[in-house]
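Here is a walk through one protein model, strand by strand and then into the core. Have the structure open while you read.

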Amino acid sequence: GQHRHRRHRQRARPVVAGSMVFAPLLDDAGTIAAIDLGSGEFLGSIALQQPHGANLQFVPQAGTPSLLATGLARQAYLFRIVQGESPSLDFACGIVTGHAASSVLVDPLIVSPFGGNSSPRMILATASGAGASRLTEFAIPSEGNSSLDSPAPKLVEKTLIGWPWYPFTSDGERLAFTTDSGMVGWYGWKSPGDGLFPLLPEPVT
């Protein structure tokens, strides 16, 4: 059935994970409502303490999958999706990006280069003036080693010509995107521990 949560509107598309659906709500707290997919029962909610800045992202991982929530400003949050008899959404780590309010242009991307054995990274695109944007590759802190006061390590930061309008895509070895100014980005990883490097000559910015 249709679920209404305190009459707040849905912020963006929901994410389905197993027997649960997670719906980001349009409120100042950045609420994520968890609902049982079969019964429509409200299972609980968690709040970012700031509005959402992008769509929720399901992150498939070996063992326990995760959910990435991006705040309107400064940080993103990774939650573990716990299923079974007592389903829940548990905080895993914070990713302090420092992005300005409303600057996220497309949904962030979580990728583990060359497979699940490498450390995951978050690829974030933010506005940097009227005709430029910034691509940043962040290392995602391990659970227990993150702080919402300490910036996440930046592996790569690049200035792009124009703004990307569509989310970046990756096959785990390469990353591709285009911008509204005609820039084609084609990057890759040389090894699981490296940051992105250009596979095509980069335009002068």
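Which residue in the hairpin of β3 and β4 takes a positive phi? That residue is Gly-40, with a phi near 80°, in a hairpin that leaves five residues between the strands. Keep in mind that this is a predicted model.

**The overall picture**

The protein has 16 strands and zero helices. It runs to 205 residues, and 44% of them count as buried. If you take the contacts between residues at least 6 apart in sequence, 39% join residues at least 24 apart. The protein exposes about 10,400 Å², with carbon and sulfur atoms supplying 50% of that area.

**The N-terminal strands**

Start with β1 (residues 15–17) and β2 (residues 20–24). These two pair in the antiparallel sense over three bridges, and Val-15 has Phe-22 as its bridge partner in β2. They form a hairpin with two residues between the strands, and Gly-18 in the turn shows a positive phi of about 65°.

Moving on, β2 is joined to β3 (residues 31–36) by five bridges, again antiparallel. Two of the partnerships are easy to pick out on screen: Phe-22 is matched with Ala-34 in β3, while Ala-23 is matched with Ala-33. Phe-22 is thus a handy residue to click on, since it has bridge partners Val-15 and Ala-34. The β2–β3 hairpin has six residues between its strands, and here Gly-30 in the turn has the positive phi, about 65°.

Then comes β4 (42–47), which pairs with β3 in the antiparallel sense over five bridges. In this pairing Thr-31 stands opposite Ala-47.

The three hairpins can be set side by side:

| Hairpin | Residues between strands | Glycine with positive phi |
|---|---|---|
| β1 and β2 | two residues | Gly-18, about 65° |
| β2 and β3 | six residues | Gly-30, about 65° |
| β3 and β4 | five residues | Gly-40, near 80° |

How enclosed are these strands? All five residues of β2 are buried, so the strand is largely enclosed by the rest of the structure. In a regular strand, side chains alternate between the two faces of the sheet. In β2, Met-20, Phe-22 and Pro-24 point one way, Val-21 and Ala-23 point the other way, and all are buried. β3 is largely enclosed too, because five of its six residues are buried.

**Positive phi without glycine**

Most residues other than glycine have a negative phi. Two residues here go against that. Gln-49 is not a glycine, yet its phi is positive at about 70°. You'll find Gln-49 in the loop between β4 and β5, and with a relative accessible area of 67% it is exposed. Arg-74 also has a positive phi, about 75°, without being a glycine. Arg-74 sits in the loop between β6 and β7 (75–82), and its 36% relative accessibility makes it partly exposed.

**A loop contact**

What does Thr-64 touch once its neighbours within four places in sequence are left aside? The answer is Arg-80 and Ile-81. Thr-64 belongs to the loop between β5 (57–59) and β6 (66–70), and it is partly exposed at 34% relative accessible area. Measure from C-alpha to C-alpha and Thr-64 is 6.9 Å from Val-82, although 18 residues separate them in sequence.

**The core and a surface patch**

Now turn to the largest nonpolar core, a set of 15 residues. The members that touch the most others are Ile-123, Leu-135, Phe-168, Leu-175, Phe-177 and Leu-196. At least two core residues come from each of β9 (109–111), β10 (121–127), β12 (154–161) and β14 (174–178).

Phe-177 is worth a closer look. Apart from its neighbours within four places in sequence, Phe-177 is in contact with Leu-135, Leu-160, Phe-168, Met-183, Val-184, Gly-185 and Tyr-187.

One of those contacts, Val-184, also turns up on the surface. Val-184, Trp-186, Leu-199 and Leu-200 form a nonpolar patch there, and together they have about 340 Å² of accessible area. Leu-199 lies in the segment after β16 (197–198) and counts as partly exposed, at 34% relative accessibility.

Definitions and conventions
Residues are numbered from 1 along each chain as its sequence is written. Side-chain values use heavy atoms; hydrogens and water are left out. A nonpolar core is a set of buried Ala, Val, Leu, Ile, Met, Phe, Trp, Tyr and Cys residues joined through side-chain atoms within 4.5 Å. Buried means under 20% relative accessible area, exposed over 50%, partly exposed in between (1.4 Å probe, protein chains only). Helices (H or I, at least four residues) and strands (E, at least two) are DSSP runs, numbered from the N terminus. Contact means heavy atoms within 4.5 Å. Patches are made of residues with over 30% relative accessible area and no salt bridge: like charges are joined within 9 Å, nonpolar side chains (Val, Leu, Ile, Met, Phe, Trp, Tyr) within 5 Å. Accessible areas come from the Shrake-Rupley method with a 1.4 Å probe; for residues, only the protein chains shown count as cover. A salt bridge is a side-chain nitrogen of Lys or Arg within 4 Å of a carboxyl oxygen of Asp or Glu. Two strands pair if DSSP finds at least two bridges between them.
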